[in-house]
Amino acid sequence: MKKVLLTGDRPSGQLHLGHYVGSLKNRVELQESGEYDSFVMIADIQALTDNFKDPQKVRDNVLEVALDYLAVGLDPARTTLTIQSLMPVLAELTVYYLNLVTVARLQRNPTVKNEIKEKGFGANVTAGFLAYPVSQAADITFCKANVVPVGEDQLPMIEQTREIVRSFNSVYGDVLVEPDALIPTETNARRLPGITGNDTKMSKSLGNGIYLADSSDTLRAKVRQMYTDPGHLRVDDPGKIEGNTVFTYLDVFAADKTRVAELKEHYQRGGLGDVAVKNYLFEVLEETLAPIRARRSEYAKDPASVYEILRKGTERANEVGARTLEEVRAAMKIDYFA
Ligand code: ATP
Ligand code: MG
């Protein structure tokens, strides 16, 4: 039996370089390894938790995210692409799992805590938003996933899922599988910063991203705006590498590590201008993004075929979920007519 992989994204915007290095790249590599039965979910219910007044935005981004998936090389013949809201099994599992989690535990979840602060919800946070880690546990367990390739911000979510699984199995018997998070080996890729500086992660909701769909010109303009060392005013001045987003990106994306080391040394010594380093970063990013952009625009010509891929994938995911649900109901003694 193959191991099972599940991961996903919120259709709250297009996917960006943070998604690419934090999760998409790993997914494609694991798909290529042939060792996993892979599921990738477009988490539209989760996107609605903080965008419930903007359903059109979520709907439009389902297609955008699907295009990003196909563009980076997720292959529907080998990876099941599925839409969260079209899987009733997830709603059902969520309701059962809610009994296994305390409100205090949800409020302690560091990622949720941080997001409540960032989004300014305070005491007005909805029950739906607070409980989204429980719905995420349903996403991960419907297919009994063993691995979940994600960025670092998702570690508390995976931990929450593991607790729910342990709790379920100890109360009702061994049915669910405890998943492991799979995070990138390169430290800066686990939480790629946005273009405005190393302190904030690149995020769809913060407008600090370089998107997979960005044109060459947009990419060039964004690289030009990137945060460097504010103390590096003249080319001849010695510059700082620490906190310099351009070098953070070079560490993550440039294959030629020797050249990056030389540039760093030159920059710190003085005599190397920001523009020269940025031109190099542009070339490096363009090399990654140009083929993705080209594939994306091919798929974008035929949205109907993309929806058809999602329809088929969702159908298969529902079949897998139905089997898990049968076991869950039996374990919970609510399989009355079985
Ligand atoms: P939102 O702002 O709507 O939450 P997001 O940019 O955080 O959007 P998600 O859809 O929440 O994106 O995240 C999808 C996946 O991408 C998760 O596994 C997450 O860890 C990963 N990811 C998101 N941003 C980054 C980043 N800057 N660096 C590394 N991984 C990231
Ligand atoms: Mg997020």
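1. A quick definition before anything else: a polar contact here is a pair of N or O atoms within 3.5 Å. Keep in mind that this is a predicted model. With that cut-off, the backbone of L192 makes a polar contact with ligand 1, because one of its N or O atoms lies 2.8 Å from a nitrogen atom of the ligand.

2. Two further contacts are worth a look on screen. A polar backbone atom of M202 is 2.9 Å from a nitrogen atom of ligand 1. For S203 it's the side chain that does the job: one of its polar atoms lies 2.7 Å from an oxygen atom of the ligand. Ligand 1 on its own would expose 600 Å², and the protein buries 96% of that area.

3. Now for the site itself. Ligand 1 sits in the largest pocket. Two elements, β1 (3-9) and α1 (17-33), each give two or more residues to the shell around it. The largest share comes from α1, with three residues.

4. Who else is in the shell? There are 21 residues around ligand 1, and those that come nearest are S12, D153, K201, S203 and S205. By type, the shell splits into ten polar, seven charged and four nonpolar residues.

5. Last, have a look at the strands β6 (residues 193-194) and β7 (residues 197-201). They pair antiparallel over two bridges and form a hairpin, with two residues between them. K201 in β7 is the bridge partner of P193, and K201 is also one of the residues that come nearest to ligand 1.

Note on methods
Residues are numbered from 1 along each chain as its sequence is written. Chains are lettered from A and ligands numbered from 1 in the order in which they are written. This is a predicted model: local features need pLDDT of at least 70, side-chain atom pairs count only at pLDDT 80 or more; totals for chains, interfaces and linings use all residues. Side-chain values use heavy atoms; hydrogens and water are left out. A residue is near a molecule or strand if one of its heavy atoms lies within 4 Å of it. A polar contact is a pair of N or O atoms within 3.5 Å; within protein, one must be able to donate a hydrogen and the other to accept it, and residues adjacent in sequence count only if both atoms are side-chain atoms. Accessible areas come from the Shrake-Rupley method with a 1.4 Å probe; for residues, only the protein chains shown count as cover. On a 1 Å grid over the protein atoms alone, a cavity is a set of points where a 1.4 Å probe fits but cannot get out, and a pocket is an open set with protein on both sides within 12 Å along at least five of seven lines; lining residues have an atom within 4 Å of a point. A molecule sits in a cavity or pocket if more than half of its atoms lie within 2 Å of its grid points. Helices (H or I, at least four residues) and strands (E, at least two) are DSSP runs, numbered from the N terminus. Ala, Val, Leu, Ile, Met, Phe, Trp, Tyr, Cys and Pro count as nonpolar, Asp, Glu, Lys and Arg as charged, and the others, Gly among them, as polar. Two strands pair if DSSP finds at least two bridges between them.
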